[in-house]
Amino acid sequence: EHALGAERAAARERRALYEISRSFTRTLSLDVTVEAVVNTVVEHLDVDAALIRLPDPRGDLLIPHALHVDDERLAEALRPILYRAQPVGRLLERTTPTMLDAESAPLLAPFLAKGSTAALIPIAKEEGSALAALTLVSVDPARPITDATLEVAAAVAAQAALAIDNARLYRQQTDLTDAMRRSLLPQVRPIVTGLDVGEVYAPSALVELG
């Protein structure tokens with residue numbers, strides 16, 4: 001039974017890592033990437049909810065960016081609790097998954113008191129601080145978050161960190177390109193009798209600007 005349990009956990013981890021990798025190869029959109037992470041985690045780690053928070057531009061708050069709850073009825077109860085910004089504090093300095101309790105997650109205290117379990121998993125690259133925070137919730141006491149769950153979640157988070165970091169850098173580059181493109185265009189289109197005036201942007205294959 002122990003060997004079978006270990007094999008099932010390994011299979012779940014492989015499937016989850018595959019799904020994260022597949023989503024990353026399909027898109028460089030940050031929104032799509034984090035949605036794929038929470039969906040994959042809930043589906044393959046047998047938890048009820050997963051939430052990813054990303055730092056705001058100033059780095060003061062962790063802003064909810066993607067939430068997936070397996071049961072729509074449960075989502076009505078969890079969304080108002082989970083989908084809130086949190087002070088960064090020392091959250092992004094964590095390097096290992098941490099089980100949450102009533103003190104560290106007071107809003108979840110009513111659920112935890114009834115046997116639910118919750119955990120915080122940092123999503124971080126090996127050489128740096130965390131890029132995001134992944135929160136897991138298992139409401140059913142019969143399906144608690146275990147050390148095995150945290151081990152798989154940590155492996156998934158490591159893979160997700162690469163996808164999120166690349167998507168984040170791609171968004172920054174896209175925003176910079178868009179800002180520069182807008183700065184080069186006239187603020188008001190010229191009005192010329194007999195002509196329709198517009199603009200077309202063509203990206204260059206040889207340099208970073210079009």
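Two strands count as paired if DSSP finds at least two bridges between them. Keep that rule at hand for this tour of a predicted model.

**Whole chain**

Start with the protein chain in cartoon view. Its secondary structure comes to five helices and six strands. Read from the N terminus, the elements run α-α-β-β-α-β-β-α-β-β-α. Now colour by burial. Of the 210 residues in the chain, 36% are buried. For contacts with a separation of 6 or more, 58% join residues 24 or more positions apart.

**The sheet**

Select the six strands. They form an open sheet in the order β3-β2-β1-β6-β5-β4, with antiparallel pairing. The edge strands are β3 (86-87) and β4 (98-99), and each of them pairs on one side only.

**Into β1 by way of Asp46**

Go to the loop between α2 (30-45) and β1, and pick Asp46 there. Check its backbone: phi is near 60 degrees, a positive value in a residue other than glycine. Is Asp46 buried, exposed or partly exposed? Asp46 is partly exposed, because its relative accessible area is 42%, and partly exposed covers the range between under 20% (buried) and over 50% (exposed).

**Strand β1 and its two partners**

Select residues 49-55, which are strand β1. Six of the seven residues in β1 are buried, so the strand is mostly covered.

Add residues 61-69 for strand β2. β1 and β2 run antiparallel and are joined by seven bridges. Look for Pro55, whose bridge partner in β2 is Leu62. The two strands make a hairpin with five residues between them. Click Gly59 in the turn: its phi is positive, about 80 degrees.

Next, show residues 130-138, strand β6. β6 pairs with β1 in the antiparallel sense over five bridges. Here Ala49 has Val137 as its bridge partner.

**Ala130**

Stay in β6 and pick Ala130. Ala130 counts as buried because its relative accessibility is 7%, under the 20% cut-off. Draw a C-alpha to C-alpha distance from Ala130 to Arg94: it reads 7.4 Å. In sequence, Ala130 and Arg94 are 36 residues apart.

**Strand β5 and Thr117**

Move to residues 117-124, strand β5, which holds Thr117. Why does Thr117 count as buried? Its relative accessibility is 15%, and buried means under 20%. Show the side chain of Thr117, which reaches the backbone nitrogen of Ile145 at 2.9 Å. Then display what Thr117 touches, leaving aside neighbours within four places in sequence. The contacts are Met99, Leu112, Leu136, Val137, Ser138, Pro144 and Ile145. Val137 has come up before, as the bridge partner of Ala49.

Before leaving β5, bring in β4. Two bridges join β4 to β5, and the two strands run antiparallel. Thr98 stands opposite Leu120 in β5.

**The largest pocket**

Finish with a surface view. How much space lies in the largest pocket? The volume is about 300 Å³. Its lining has 16 residues. Select Arg53, Gln86, Leu100, Ser104 and Ala105, the lining residues nearest the centre of the pocket. Then colour the lining by type: 10 residues are nonpolar, three are polar and three are charged.

Notes: Residues numbered from 1 in each chain as written. Predicted model: local features only at pLDDT ≥ 70, side-chain atom pairs only at ≥ 80, totals over all residues. Heavy atoms only, no water. Buried < 20%, exposed > 50% of the residue type's maximum accessible area, 1.4 Å probe, protein only. Helix = DSSP H or I, 4+ residues; strand = E, 2+ residues; numbered from the N terminus. 1 Å grid on protein atoms, 1.4 Å probe; cavity = no way out; pocket = protein on both sides within 12 Å on 5 of 7 lines; lining within 4 Å. Points joined across faces, edges and corners; volume = space filled by probe spheres on them. Nonpolar A, V, L, I, M, F, W, Y, C, P; charged D, E, K, R; others polar. Polar contact = N/O pair within 3.5 Å; in protein donor to acceptor, adjacent residues only side chain to side chain. Contact = heavy atoms within 4.5 Å.
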